[in-house]
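Student: I should like to learn how to read a structural model systematically. Where does one begin?

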Amino acid sequence: MAESEVNLTKTYDAIVIGSGAAGGMAAHVLTSQGLQVLMLEAGKKLPIEKELRSMEWPYDNPYRGQLPPDSHSLSFNEYTIRNPPYGPGFEKAKHLKSYIGSTDYLKNIVVDERENPFTGTNYAWVRARCLGGKTNIWGRLALRLSDYDFKAKDRDGYGENWPISYSDIAPYYDKVDLYLGITGVKENLPYLPDSIFQRPTKLNCAEVTLKESLAKMGRVLTQYRAGVTSDGLKHNKYRSRCYGRGACERKGGCDIHAAFDSPTGLIYPAMDTGNLTLRTNSVAREITVDPKTGKASGVHFIDSQTMKDYTVHAKVVVVAASTLESARLLLLSKSHLHPNGLANSSGHVGHNFCEHIMGPGVAGHAKNLVGKPPTLDDGRPGGFYLTRFRNLAEKHPKFIRGYGFEGGSGSTMFPRGTDAHGFGAAFKEEVRKNQGAFVGMGAFGEVLARYENYVDLDPVVKDKWGIPALRFHYKFGDNEHRMAEDMKETAQEMFEAAGFEIIKVTSRVLTEGWSIHELGTARMGSDPKTSVLNQFQQSHDVKNLFVVDGSAFVNASCQNPTWTIMSLCWRSCDYLAEELKKGNL
Ligand SMILES: Cc1cc2nc3c(=O)[nH]c(=O)nc-3n(C[C@H](O)[C@H](O)[C@H](O)COP(=O)(O)OP(=O)(O)OC[C@H]3O[C@@H](n4cnc5c(N)ncnc54)[C@H](O)[C@@H]3O)c2cc1C
Ligand code: SF4
């Protein structure tokens, strides 16, 4: 796909900042409504199939899939003993990556921490600065939220309700399912609504054992609901159906684009309308404002390669740079009309920052599978999802809200949980015998949205482009730690009930940020004093400004956010297009 030239003299209908799940969806919806859209993306357009190399065998890679010697990715221990921006102590590493950038396949997708520093409390901040953002490598678990989330305050009194209900967003979840494809099985659960599923993956033997055992406890295990097209999408020529090649395991993306990614799922089809101009290597550093009206007038950006400055104009600005980068951009966009940053008369931009807590989990062996012939268990886009079971009908005495588990079992390209020792043939035999019997799962729990968990701008540290870095003031609280205790206990209890031999129970809580599900820094609400956006992700203060990514979330739920980000964005962009046509923006 060739990029067309940006016309600096033109006033576009809309500028979309960012090209991930949110930016891609905004481009799709707005261009299909006939709007002339300019998309600015800070990162490069990578030759993504060459980066991901899904079918490369480890022995064909010079580093066996690991990072080249001049690069280093931060380990869990390093996150706990070093503070950002990770300067001294890593001198030997020319390129420093977050924990997720630990393979040769992701080295150009995730950012260099040195070029993109941040400060403050520890946070495992994973950023993918390239066309498509994090959707190039996301884990694809595509879940809906429900009124247990949107109206959570009504249930336990904590925080705020969302200004929408499930019935407002349900038609848009349907549209996203049909346009992008999702696999799964209907379960009819009020707290985890079903999607319009394509052909599901199959659970394997140990997973079925666990499912049946859990059913006796009133808990539900279902096939991984993957944002993957298993039947194919006739309307999209850029994506293939899933061929289950056993490569999802590599923590990278899918080079045949069966798994959703924003470029092939949304951006290329939007370019085909003739209404989208894409400019990569374009780092937005400020949203400009008309001094007479206070409305957004365009975007000031820097070419990441030439360092040249540009300003472009539009009737509407749509911010979709991802939760934390969007907050940073609003805070950077100060003017005498908006002295605390754009859209920030409430003082809530950067606050109410929330996400998921991870770490506790369990690994075990289904002993009846030891020594059985291997099966192709990583030839599918995911294993299972064990749905939330806390604080639904009953109240847990120690914490509010809930958590779910992601897990899987069986043989994979890189054997798991064998704990085998030794050398040579005996070692290989031991690994082969045990690996197919492995079963493991890890929890994802809701981190409460708190005003005191926030980000602001560092007064000193700047990134490679001279833009002030983000500073974190963020910690898990007591509710999360009590929930993590329960995660560990229930994980063990459920594996024991299923008759699995326990290999390891993990209680360690991973560093803040590990879930890569950051949310809430410009929350929606009905009251402009306590929220940044209205129910259509439109700024209360600046009516031609929309923030359409996870910033708008009022709470984190325990379900993964991306399908909700895209459904909300579709709804908001439908509204935006209508309002623009009516002359209301
Ligand atoms: C390894 C991994 C696994 C994940 N697994 C799951 C999962 O299973 N389920 C799930 O729901 N979610 C998952 N996620 C999270 C998911 O990827 C994100 O929720 C989603 O990508 C968010 O979309 P976004 O558009 O807000 O941000 P992004 O996808 O990060 O896109 C933002 C884009 O904006 C660009 N940008 C940033 N700043 C600027 C600027 N100043 N100017 C111009 N452009 C800018 C960035 O370069 C980027 O391309 C996972 C993420 C990772 C990395
Ligand atoms: S299992 Fe399917 S979605 Fe996953 S990498 Fe393979 S083809 Fe892509």
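The dialogue below goes from the whole chain to the ligand shell and then to single residues.

Tutor: One begins with the origin of the coordinates: this is a predicted model. The chain holds 12 helices and 18 strands.

Student: What radius of gyration does the chain have, and what would a compact globule have?

Tutor: The idea is to set the value for the chain beside the one expected from its length. For 585 residues, a compact globule would have a radius of gyration near 25 Å; the chain has 23 Å, and therefore agrees with that expectation. Along the principal axes, the C-alpha atoms fill a box of roughly 75 × 55 × 50 Å.

Student: How much of the chain counts as buried?

Tutor: Burial is judged residue by residue, with buried meaning under 20% relative accessible area. By that criterion, 63% of the 585 residues are buried. The surface that the chain exposes comes to about 22,200 Å², of which carbon and sulfur atoms supply 51%.

Student: What share of the contacts joins residues at least 24 apart in sequence?

Tutor: Here one considers contacts between residues at least 6 apart in sequence, and 73% of these join residues at least 24 apart.

Student: Let us turn to the ligand. How many residues surround ligand 1, and which are the closest?

Tutor: A shell is read by its members, then by their chemistry, then by their direct polar contacts. Ligand 1 is surrounded by 35 residues, the closest being E41, K134, G139, L141 and T562. By class, the shell comprises 18 nonpolar, 11 polar and 6 charged residues.

Student: Which backbone atoms lie at polar-contact distance from ligand 1?

Tutor: A backbone N or O atom of G139 lies 2.7 Å from a nitrogen atom of ligand 1, and one of L141 lies 2.9 Å from a nitrogen atom of the ligand. At P561, a backbone N or O atom is 3.4 Å from an oxygen atom of ligand 1. Taken alone, ligand 1 exposes 990 Å², and the protein buries 94% of that.

Student: Which elements give two or more residues to the shell around ligand 1?

Tutor: They are α1 (21–32), β8 (282–289) and α12 (562–581). The largest share, 3 residues, comes from β8.

Student: Now a single residue. Is N236 buried or exposed?

Tutor: For a single residue, one asks for its location, its accessibility and its partners. N236 is in the loop between β6 (221–223) and α8 (262–272). Its relative accessible area is 4%, so N236 is buried. A polar atom of the N236 side chain lies 2.7 Å from the backbone nitrogen of Y238. Not counting residues up to four places away in sequence, N236 touches T264, G265 and P269.

Student: What polar contact does the side chain of Q538 make?

Tutor: The side chain of Q538 has a polar contact of 3.2 Å with the side chain of Y575. Q538 belongs to the loop between β17 (501–506) and β18 (545–547), and counts as buried because its relative accessibility is 7%. Leaving aside neighbours within four places in sequence, its contacts include V532, K543, F546 and L585.

Student: Why does S102 count as buried?

Tutor: The criterion for buried is under 20% relative accessible area. S102 has 18% relative accessibility and therefore counts as buried. S102 lies in the loop between β4 (95–97) and β5 (118–120). The C-alpha atoms of S102 and V439, 337 residues apart along the chain, are separated by 24 Å.

Methods. Residues numbered from 1 in each chain as written. Chains lettered and ligands numbered in written order. Predicted model: local features only at pLDDT ≥ 70, side-chain atom pairs only at ≥ 80, totals over all residues. Heavy atoms only, no water. Helix = DSSP H or I, 4+ residues; strand = E, 2+ residues; numbered from the N terminus. Buried < 20%, exposed > 50% of the residue type's maximum accessible area, 1.4 Å probe, protein only. Polar contact = N/O pair within 3.5 Å; in protein donor to acceptor, adjacent residues only side chain to side chain. Contact = heavy atoms within 4.5 Å. Near = heavy atom within 4 Å. Areas by Shrake-Rupley, 256 points an atom, 1.4 Å probe, with all protein chains shown as cover. Nonpolar A, V, L, I, M, F, W, Y, C, P; charged D, E, K, R; others polar. Rg over C-alpha atoms; globule rule 2.2 N^0.38 Å.
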